[in-house]
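Hi,

Here is the structure I promised to pass on. Have a look at it first, and then read my notes below.

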Amino acid sequence: MIKLVASESLACEPIVRRVPRTGELCVVCGYGGQREPDLYNYVGASFSSDNGKSWSKPIAIAKSETEAVCLSDFYVYGDELRVFAHFHNGYFHDWHSKMLVSTDGRDWREKAVPAGLERFCVMRGAIVLPGGRVIVPYQKYPDEYDLDKNVPIFRSRTGFVTQGAAISDDGENFRLVKIRDYSLSERWLWTEATIGRRGGELVMLTRMDGSGRLYVSRSSDCGENWSEPILSDIKNPGNKPKLINIDDNRLALLNTPVAGTEMRDRYPLCVCYSDDGMRTHTREKKIFPVGGVQSYPDGFYENGRIKFTFDFNRKEVFFVDIKAVTK
C-alpha cells in the first residue's frame with residue numbers, strides 16, 4: 001500500500017510512528033516555505049486511524065513567527081511521543097534545539113534537551129533497545145559562528161562536527177558518547193546516522209564525505225564504545241538511510257542505492273535485508289517505481305510488515321506499508 005499523506009510548497013524528512021495510547025499512526029514532518037532553510041519552515045503532524053489508508057491534514061506542532069523550525073527526530077518512549085526540533089534564523093544561525101513530548105500527538109509540551117546538545121546539533125535516528133536503553137545519534141557543530149548571518153552556515157568551512165550518541169537508561173538522563181570529530185575545512189558534513197542491532201551488536205550507518213557510499217561503525221557494548229567509522233560498500237547519494245529491525249538479528253535497510261552526490265540521484269528507493277549486521281545483504285528491491293527525488297525514508301516494523309514514510313520531490317509525503325521478507 002502506498003498512500004499520499006500530505007503535500008505542500010515544502011514537505012521534507014517525514015517520520016511515522018504508532019501512538020501507543022490511541023493506536024493511531026502519526027507522521028511528523030517538516031513543512032512550509034519554499035526550501036530548507038527558510039524562515040517559514042515549521043513542523044507538522046498528520047494522523048491516521050485506519051492504518052494509513054487515509055490521513056488528516058497536518059497540524060502545526062512547532063511553529064514560530066520569528067524563527068524557522070525544522071524536524072530533527074521523532075521516536076516513541078513508553079507511551080510518550082518525543083520530537084527533537086531545531087529553531088534558527090532561517091539560515092541555521094542562532095540554532096537551538098527543543099524536545100517536545102506528547103501522549104496523543106495533539107497537545108505538546110517542552111522537555112529538557114540532553115545536556116550538551118542544546119545548540120547547533122542534529123539528533124536523528126533514535127533507537128530504543130529491548131531493555132529500554134535509548135540511543136540517539138547526534139551531530140554537533142560549533143556553538144558560535146562569526147559569519148554573515150544572511151548566509152547559511154553549511155556554506156562555511158570552519159570548525160568541526162562531532163559525531164556521537166546520547167545514551168539514557170531511564171529515558172530522562174542522557175550522557176554523551178563521542179565517536180569522533182571531523183574537520184569542516186574541506187566540506188560541510190551532515191552525517192544523519194541510523195542504528196540497527198544484530199544480537200548483542202549495534203551497527204550504525206552514516207552518510208559522510210560525498211564518496212557515494214555509507215560509512216559503518218559498530219558497538220558490542222550497547223553503544224558505550226564505537227569502532228572507527230569505515231567506508232562500506234553500500235551505495236548512497238547523500239540521502240538519509242534507515243535501518244529497521246525485523247527481529248533480534250534481521251535488519252531491513254531503506255535506501256537509495258546510487259553512488260551519486262546530487263538530489264536527482266535519490267532514486268530509486270529500495271529495501272534490502274541483512275542477517276549479519278549489514279556485512280552483506282540481499283539484492284535491493286525497488287519500492288516506488290515513479291521517477292523523482294525520493295528522500296529520507298523512516299519507519300518501523302510491526303506484525304510482519306514495514307510501515308514507513310518518505311518525501312517525494314520535497315513537496316509530497318507518502319506512507320508505505322509492505323510485507324517484510326523473513327528468512
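Quick one to start: is Glu-144 buried or exposed? Exposed, with a relative accessible area of 59%. Keep in mind throughout that this is a predicted model.

I looked at Glu-144 because of its partner: its side chain meets that of Arg-119 in a salt bridge, at 3.2 Å from N to O. Arg-119 sits in the loop between β9 (109-111) and β10 (121-123), while Glu-144 belongs to the loop between β12 (134-140) and β13 (160-168), so the bridge ties together parts that are 25 residues apart in sequence. Arg-119 itself is partly exposed, at 27% relative accessible area.

On to the other salt bridges. The structure has 32 of them, and two more pairs caught my eye.

One is Asp-298 with Lys-242, where the closest N and O atoms are 3.7 Å apart. Here the link runs between strands: Asp-298 is in β23 (residues 294-302) and Lys-242 in β19 (residues 242-245), so parts 56 residues apart in sequence are tied together. Both Asp-298 and Lys-242 are buried.

The other is Asp-275 with Arg-250, with 2.7 Å between the closest N and O atoms. This one joins two loops: Asp-275 lies between β21 (270-274) and β22 (285-286), and Arg-250 between β19 and β20 (251-255), so the pair connects parts 25 residues apart in sequence. Asp-275 counts as partly exposed at 29% relative accessibility, whereas Arg-250 counts as buried at 5%.

There is also a network of salt bridges, which links Glu-80, Arg-82, Arg-109, Lys-111 and Glu-172.

Then there is Trp-226, which is worth pulling up on screen. You'll find Trp-226 in the loop between β17 (213-219) and β18 (230-235). Despite the loop position, Trp-226 is buried, because its relative accessible area of 13% falls under the 20% cut-off. Leaving aside neighbours within four places in sequence, its contacts include Ala-165, Val-177, Ile-179, Ile-195 and Leu-202, as well as Ser-217, Arg-218 and Ser-219. Met-204 is another of these contacts; the C-alpha atoms of Trp-226 and Met-204 are separated by 8.9 Å, and the two residues are 22 apart along the chain. Closer to home in sequence, the backbone oxygen of Gly-223 lies 3.0 Å from a polar atom of the Trp-226 side chain.

Cheers

Notes
Residues numbered from 1 in each chain as written. Predicted model: local features only at pLDDT ≥ 70, side-chain atom pairs only at ≥ 80, totals over all residues. Heavy atoms only, no water. Helix = DSSP H or I, 4+ residues; strand = E, 2+ residues; numbered from the N terminus. Buried < 20%, exposed > 50% of the residue type's maximum accessible area, 1.4 Å probe, protein only. Contact = heavy atoms within 4.5 Å. Polar contact = N/O pair within 3.5 Å; in protein donor to acceptor, adjacent residues only side chain to side chain. Salt bridge = Lys/Arg side-chain N within 4 Å of Asp/Glu carboxyl O.
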